[in-house]
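Me: I would like to go through the labels attached to this model one at a time, and hear how each of them is justified.

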Amino acid sequence: MPKSKATHEPLRLRIPPIKPPTTSKPSKPPRQHQIRFGNVSATEAAEGRMKKADRQNHQLLARQQACTLYVRKLILSTEQSIAIQHLYDANKIESYEFHVGGEAEQESQQATATVMGIHGLTFAALDEVDNRWSVAWSENTGEGDSAMKRLTKFSGSDCGYDHTVAGSKKRNTPAPYTACLAHAEITYVVSTQKIYRVRGFFQHNDACKDALLTRIPREYLHPSVYRLALDQLANGVPLRQVRKNNRDLVRSRSYPDMSLDPRQWRYRYLIGKADTASLYRQLSRLQGVNVDQRPHVNIHEWLDTSSPQYDPVFAEAVFHYNERAERGDRIEVCVATNEMKDAAWKYGHGKQLIMDGTFGICNRKVLLFVLMGVDEENKGVPLAFLFFSAPSGNKHTAAGYDSEVLARLLEKWKQSLEERIALLRVFPDIILLICRVHLRRSWRNHRNKCLPGKESKVTDTWRRLQALEDALVLSTSFEAAKALVENEYDVIRHDLPNDDPTRAGALEHLDYLWGYWMSSGKSDDLWKSWSDFGRTIAAQLLQCPLNNILPTTNHLESFNRVLKHTYLPQAQHGGHRLRFDVLLKFIIRDMMPSIFEERSARLEELNRRKARALCLVNGEQPPRCPNWAIRFDVAGLSSASVGALSSAPSETSVISESSIRTPCAARQRPPTSSAHIPILPIVIPPPAHRQFHYCTQ
C-alpha cells in the first residue's frame, strides 16, 4: 500500500500577495548576477548530468514534492476558501506517492488503481456521465516520454462550483451547489498515464452525496468526430457542410467504434452549435495560432528566432515589422513571399504599378495597401501587402491613412528587393497617375452636391460641366486646360443671372476643379497625374503604346473583391472577421501559394494549347469535335510568293477539306457533311512567314 504523508508538515496554500495597480512599470537596474536555490537531494545532485531515463530515482524530484496545491485555481466562495484553509492548517490533506519505473513500479501502480478507484478518480471514470469530478486546471512539465502533467480535479465543478463567483448568472452545472470542499490533484506521465502522486481532500459532504441532477449532464464529443471535422475544416470545407456530413455519418452509424444501439454510446456523436468554438480553437492550434495570446504577441513569436514558435516561412515572407510598443504607436507588417518578389522584378521593374488601399479585412482597425503589377495576359499579380494600424482613437479605419507611413513602407519594400537581388538599384523618378474611376467619381459627387434638382436649367448646366471634365481629362497641354476652365467661367457668368442658385453651384464646382485639381493654375504637378499628358509621358518612358497604360485601378478593385468575398471566407468562422495574426498566417501560408499555383497551372495549360496549335499548323489532323479553331492570315503575300510556296511541298502544308474550320463554324454545331462548308484552296506559308490566331470557344 502507498505511504500516507499526512504526518508530515501541513501543506500551505500558495496565495500571492495583492499588489496595487500601477500605471507604469518602474525601470529596474540590470543585475549582474542572479542566484537561484532549488530543492534537490544529494542523489539528484549527483545524477544531475544524467539523462532522465538513466536516473535511479523514479519518484518525484524534491522540488516537485515541495510544491503546493494550487487551490487558488478553483472557483470558491469566501466561506469555502476559509474552510479549505482550516483543512490545511489541521493537516487533514491526504497525499499518496507512487513509483514510476524500476522494480517497485508494478506493485506501486497496482496500489494506485485501488486509491483512484475508491475515490472515483480513474481516467475511465472521469468520462462517465454520472461522475462528479471535473477538471479545474492542468499544467504540463517536461518533454517527450518523460513529460508530466499536474491535473487538479475539484468536485466544486459539480457540487462545489460557485457559479456566482465566476460571474455567471445562470448555473449550467447539472448538480446543485452544496459548498462541497472535495478536491484532488493528480500528477502522472502523459504518454503512459502512470501516476506519480495523488493528493487532496477526497471527502464529499452529505449534501453532495445526496444531490440529484437538476439538468441533463454534458456529454463529450467522440474523438473520431473531432478528428474528421478538423480534417474537413483544414481542407476548406465550410462548417455548414461539415455538420451535414456529420449528420449523415451519425444516421448511417459510420463512425469508428460506433454502436448501432444509441443507448450504449458513452460519447456524443452529433456536432452541436456549442462545439463550434472548440472546433475552431483546435483548428487554430493545429495551424500554429495560439488564440489565447493577443495577435501582436503571436506575430512577435513567429518572427523571433529564439522563440519555440518561430516560423521560418512566415519570417521569410515578412520583410518589415514594427511592433506596437506604446499606445500611440502603429503596428506595421509588410508581406512579400519569394514568388511575389520574383513577380515584382518581372512585372513591376520598369513597368506600371498599381496601388490601392482597403480596410475591413480583420477584426482590428488595420489598413491594407496592395501593390500590383500586370502580366502578359493583362491580369493583376499581387506584389506586396502593406499593413498598418490606424492611430489610437480613430473611429473610422480609413481615417488612419498617413502618406508618411505609406512612403516609409514603400521604401522598405524597395530595400527588400535590393537586398534580395544583392544589387543597389535606384528606381527612376516615379510618375504618379490617379485612377480615373475614383477621379470621375469624386468630380461627380461634388457636381451633384453643387447642382441638386432636376430642372432643365440645372440639368443643362450639369451636363455642360460634365463635358468640361471630359475635355480636361483628355487634355495634353496645361495652358489649354486652363483656357478651358477660364472659358467656362465666362460662359457661366454671362448666361446665368447673379441671383440664380444654379450659377452659384456651377461657380462653386469650377472653383473646386480650378483650386484643387489644377492648383489655381500655378503648378501642373497634380494635373499631370490625371490628364492624358501623364499617360503620354508614361508611355514614352515605358516605350509602350498609350493604350497599354492603365487609366484605372480596376485590377486592384477586382482583387480586393476576390480577397474579401472568395479567399477570406475560407478562413472565417461563421462570417466573422479574422484576427490580424490569423489573417497574416492565412495570406502567407495558404492564399498566396494558392494564387501562384493557379497562375502556374494556367500558364502551363496555355503553353500546351499553343503547342497544340503549332502542331495543327504543321498539318496534323485536328480532333473530330475540336473545342477551338484556328484561322490563318496570309494577307500581304503576293501571288508569286504563293506560287513559290505551292511548288515547295517540303516547306508548305495544304489543309484538307475535312480539317478546315472557320472561327464562326467552330462556335456552332458541326455540319453533318462537308458539302455545307465552302472550301477555298489555302496554302500555308513556312514558319518564318506564318501568322496564325487562335480563339477559344
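**Labels and their grounds**

Me: What makes Lys-585 count as lying over the face of Trp-302?

Reply: In this predicted model, Lys-585 lies over the face of Trp-302 at 4.1 Å from the ring centre, and the rule asks for a charged atom within 6 Å of the centre and within 35 degrees of the ring normal. A further case is Lys-564, whose charged end sits over the ring of Phe-359, 6.0 Å from its centre.

Me: Why is the pair of Tyr-512 and Trp-517 called edge-to-face?

Reply: Their ring centres are 6.5 Å apart and their planes stand at 80°; since centres within 6.5 Å make a pair and planes over 60 degrees apart count as edge-to-face, the pair takes that name. Tyr-512 and Trp-517 are both buried, and they belong to one aromatic cluster together with Trp-443, Tyr-516 and Trp-530.

Me: What makes the pair of Phe-478 and Trp-527 tilted?

Reply: The count of aromatic pairs comes to 14. Among them, Phe-478 and Trp-527 lie 5.3 Å centre to centre with 55° between the planes, and this angle is neither under 30 degrees, as stacking would need, nor over 60, as edge-to-face would need, so tilted is the class that remains. The pair links distant parts of the chain, with Phe-478 in helix α16 (residues 478-495) and Trp-527 in helix α18 (residues 525-530), 49 residues apart.

Me: How do you know that strand β7 is covered on both faces?

Reply: For strand β7 (residues 332-335), Glu-332 and Cys-334 on one side and Val-333 and Val-335 on the other are all buried, where buried stands for under 20% relative accessible area.

Me: What makes β6 and β10 strand partners of β7?

Reply: Pairing requires at least two bridges, and 4 bridges join strand β6 (residues 318-322) to β7, while 4 bridges join β7 to strand β10 (residues 380-389); both pairings run antiparallel. Val-318 stands opposite Val-335 in β7, and the bridge partner of Val-333 in β10 is Phe-387.

Me: Which residues have the most contacts inside the largest nonpolar core?

Reply: That core has 59 residues, and those with the most contacts inside it are Val-335, Phe-385, Phe-387, Phe-580, Leu-583 and Met-591. The largest share, 11 residues, comes from helix α21 (residues 580-617). Leaving aside neighbours within four places in sequence, Val-335 is in contact with residues including Val-318, Phe-387, Leu-584 and Ile-588.

Technical notes: Residues numbered from 1 in each chain as written. Predicted model: local features only at pLDDT ≥ 70, side-chain atom pairs only at ≥ 80, totals over all residues. Heavy atoms only, no water. Core = buried A, V, L, I, M, F, W, Y, C linked by side-chain atoms within 4.5 Å. Buried < 20%, exposed > 50% of the residue type's maximum accessible area, 1.4 Å probe, protein only. Helix = DSSP H or I, 4+ residues; strand = E, 2+ residues; numbered from the N terminus. Contact = heavy atoms within 4.5 Å. Phe/Tyr/Trp six-rings, centres within 6.5 Å; stacked < 30°, edge-to-face > 60°.
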